[in-house]
Amino acid sequence: MKRIDHAEASSHFIKAKDHIEFHDRRLWDLRQKRDRESVQLDEWEALRTLASEIKEHTLTHLADYLEEFEANATRNGVHVHWARDAAEHNQIVFEIMNSRGARTLVKAKSMLTDECDMRPFLETRGIEIMETDLGERIQQLDDEPPSHIVVPAVHKLRADVARVFSETIGTDPKNSDVHYLAESQRQHTRPYFLRADAGMTGANFAVAETGSIVVCTNEGNADLSVHLPPLYIASVGIEKVVPRIEHLGVFVRMLSRSALGSPITQLTSHFRVPRKGTEMHVVLVDNGRSERLGMDDFWYSLKCIRCGACMNTCPVYRRSGGLSYGATYSGPIGVIIDPTFNLRKYSSLPFASTLNGSCTSVCPVRINIHEQIYKWRQIISERNQLPMIKKEAMQIAGKVLSSPRLYRAAVETAGAGVEHLPRFMLYNRLNTWGLQREVPQAPPSTFRQWYLEHRVKNGGRG
Amino acid sequence: MKVALFVPCYIDAFFPEVGVATLELLERLDIEVVYPLDQTCCAQPMANSGCHAEAAATEKLFVRNFAGFDYIVGPSGSCVHHVRDHLTAIPQTPQVTKVRRNIYELVEFLHDVVKVQAFPWASFPHKVGLHNGCSTLRALREAKTSEIDEPYFSKPMGLLSKIKGIEFVTPERPDECCGFGGTFSVFEEPVSARMGYDKVNDHHRAGAEYIVSADMSCMMHQKGCAERLGLPIKFIHVAQVLNGAQA
């Protein structure tokens, strides 16, 4: 499978001047709102610790809590299904719908269904799917995956949305007024809610104690998707389970503050029992999660509550856009999750980071994101997935820098111009450095030469 | 007090004046400074690229050069961070752990160990934007970051504010990464350069005449960006300012 080239993809994103400026500003604004909201709570840092501990406890007893969830959900009259991987998930969803003659699905936002590539699977089997989250719908109409896990179309300007809507749902191409566009989408979507045979949501949390699914949204589309059709299916990653309803108090306080800098989402919906005369199904999906749980260095990534704070703060993400990662999950959390799906394909992603650590500092469940990025680099190198040019540069650097003699020969080029600069120090790609930056000039002597001249030769201070 | 001076490879090769300022500053403070002559690099470039096998020999050499000292001081946050937190490509002998424990970045050494109260020889009557490299900020924890809800503190500010005439200006995003990131700067050139441009423009808008930092590698990148953009910003290492550089 072809390796994703993040650097190449980001160069295209950066060329669109208006887009990158807006993207960076919009997400930085979310980061600042997050800062303002989090300091309102004196106990914010303590909450982060508590949230992390609850998640770590749950993950280390995951099988027990999942079975507790299943037992309670079943008792509530919910059908619980287990999917080992994406293919099983998609097949289960299809069979639930197909066996009931359901052809139309209204769907709230779910990264898991994107991860499973569910839409094309169902569409080729004759099922019509309407994404009902505004951002997700824009992306569906533009035939693009979401670029952000919370704000899926954040890389688009309103003029882009006007173009997409005019080409697909017939809005006025010259009208890019936000309210006009949102209202047009709303009117376009409404009839689907009424005629849909099935509704679907993801889950922010699954509570073991009550067997309920908790969905946090701002648009109300998830509730319409659940409450109008006669069939409701929730796709739930197995790491979403929390032991008790009281634990929600911790996570719900942190989720929207971290994500959007708002105290809480407009709606926090608990779906527990099917409405009279309707069915509710929960598909619990593994798709690599239990394998990840067994990875010493990486299982902490399963604590993620998908708030996107790491993406909003990431200076690389803000300047390269989510689509440049070529994966369902982008930004810092994507960088540490994606290689578990396909190491070779996503082997460039852990290098799309300066290791600045801001992601780790904002993470509400204290995932050591930048340390995991560092670890992934080692694994990628050990499994021979580094590009040849980088591997060779590092082999040369390792040889030169471990030998005082070779090192000195490389750097002691007194009076040299750019052409004699110690190329290995710029990793053999001096031309790349100089594309948009001036190259540092080599001084007349190295520090060591100066030191020998001024401190050693004179036998002391010169 | 005897200190081993660690001058990282890129400072040795490109910015010897930073090594000189560090040495002179420590000497001014009546510290005996030894510069182990066989030193090269801390192995961070290889290790940060995931190449542990390629980093091992350089780490071994580093430990051999610095094992005999109770204090190892270097004017570069990311290199010190590598030695302290990531020098793990070789077996962790008592000698290795001692070196890792005894290394200090210059600012934290002056602030925490020597506890310098004044720099009477120094004045710097300029508008200065402080740049904390990300390793210095979030790994060495030399200052409060904007992400963490905690009381304000800043070791570099603590030292620099003792300098006569210095005036600080604050960019809009003081602790946003500048995009250097070691090998990132060449392998992710488009994003790296964009981040560098945004960084120096931010300082320029704030009115900075100088950017001062304990991280010369960030400044090598920022300087390259500012020169290409034609911005009239100058760059100077914190060691030079504390040592009394005039401009």
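Here is a short friendly conversation about the predicted model shown above.

Me: Before we start, which conventions apply to this model?
Reply: Happy to set these out: residues are numbered from 1 along each chain as its sequence is written, and chains are lettered from A and ligands numbered from 1 in the order in which they are written. Side-chain values use heavy atoms, with hydrogens and water left out, and in this predicted model local features need pLDDT of at least 70, side-chain atom pairs count only at pLDDT 80 or more, and totals for chains, interfaces and linings use all residues.

Me: How many helices and strands does chain A have?
Reply: Both are DSSP runs numbered from the N terminus, with helices being H or I of at least four residues and strands being E of at least two. The C-alpha trace of chain A spans about 95 × 55 × 45 Å along its principal axes. Its secondary structure comes to 22 helices and ten strands.

Me: What percentage of the residues of chain A count as buried?
Reply: Buried means under 20% relative accessible area, exposed means over 50%, and partly exposed lies in between, using a 1.4 Å probe and protein chains only. Chain A has 462 residues. Of these, the buried ones make up 60%.

Me: In what order do the strands of the six-stranded open sheet of chain A run?
Reply: Strands pair if DSSP finds at least two bridges between them. In this sheet the pairing is parallel, and the edge strands β1 (79-83) and β3 (128-131) of chain A each pair on one side only. Neighbouring strands are turned by 20° against each other on average, direction ignored. The order is β1-β10-β7-β4-β2-β3.

Me: Which residue is the bridge partner of A:Leu105 in β3(A)?
Reply: Strand β2 (residues 104-107) of chain A pairs with β3(A) in the parallel sense, over four bridges. Within β3(A), the partner of A:Leu105 is A:Ile129.

Me: What angle does helix α10 of chain A make with β3(A)?
Reply: Axes are lines fitted to C-alpha atoms, for helices over the stretch in contact, and angles run from 0 to 180 degrees between N-to-C directions. Helix α10 (residues 178-195) packs on the sheet and touches β2 and β3 of chain A, where contact means heavy atoms within 4.5 Å. Its direction and that of β3(A) make about 135°.

Me: Why is strand β10 of chain A described as largely enclosed by the rest of the structure, and how many of its residues are buried?
Reply: β10 (residues 279-285) pairs in the parallel sense with β1(A) over five bridges, and with strand β7 (residues 231-237) of chain A over seven. Two of its residues can be placed: A:Val283 is the bridge partner of A:His81, and A:Leu284 stands opposite A:Val236. The strand is largely enclosed because its buried residues number six of the seven.

Me: Which strands lie at the edges of the four-stranded sheet of chain A?
Reply: This open sheet has mixed pairing and the order β8-β5-β6-β9. Strand β5 (residues 205-207) runs parallel to β8(A), joined by two bridges, with A:Val207 opposite A:Val242. Helix α12 (residues 245-259) lies across β5, β6 (212-217), β8 and β9 of chain A, at about 165° to β5(A). The edge strands are β8 (241-242) and β9 (267-271).

Me: What covers the buried residues of α16(A)?
Reply: Ten of the eleven residues of helix α16 (residues 331-341) of chain A are buried, so this helix is largely enclosed by the rest of the structure. Among the buried ones are A:Ile333, A:Val335 and A:Asp338. The cover includes α13 (289-293), α14 (309-313), α15 (315-320), α17 (358-362) and α18 (369-382) of chain A.

Me: How many disulfides are found over all chains?
Reply: A disulfide is a pair of cysteine sulfur atoms within 2.5 Å. For A:Cys359, the nearest cysteine sulfur is that of A:Cys310, 6.5 Å away, and for A:Cys363 that of A:Cys307, 6.4 Å away. A search of the whole structure gives zero.

Me: How far apart are the centres of domain 1 and domain 2 of chain B?
Reply: Domain bounds come from an automatic or database domain assignment, which for chain B gives domain 1 (2-114) and domain 2 (127-242). Their contact takes 26 residues from domain 1 and 19 residues from domain 2. Taken over C-alpha atoms, the centres are separated by 21 Å.
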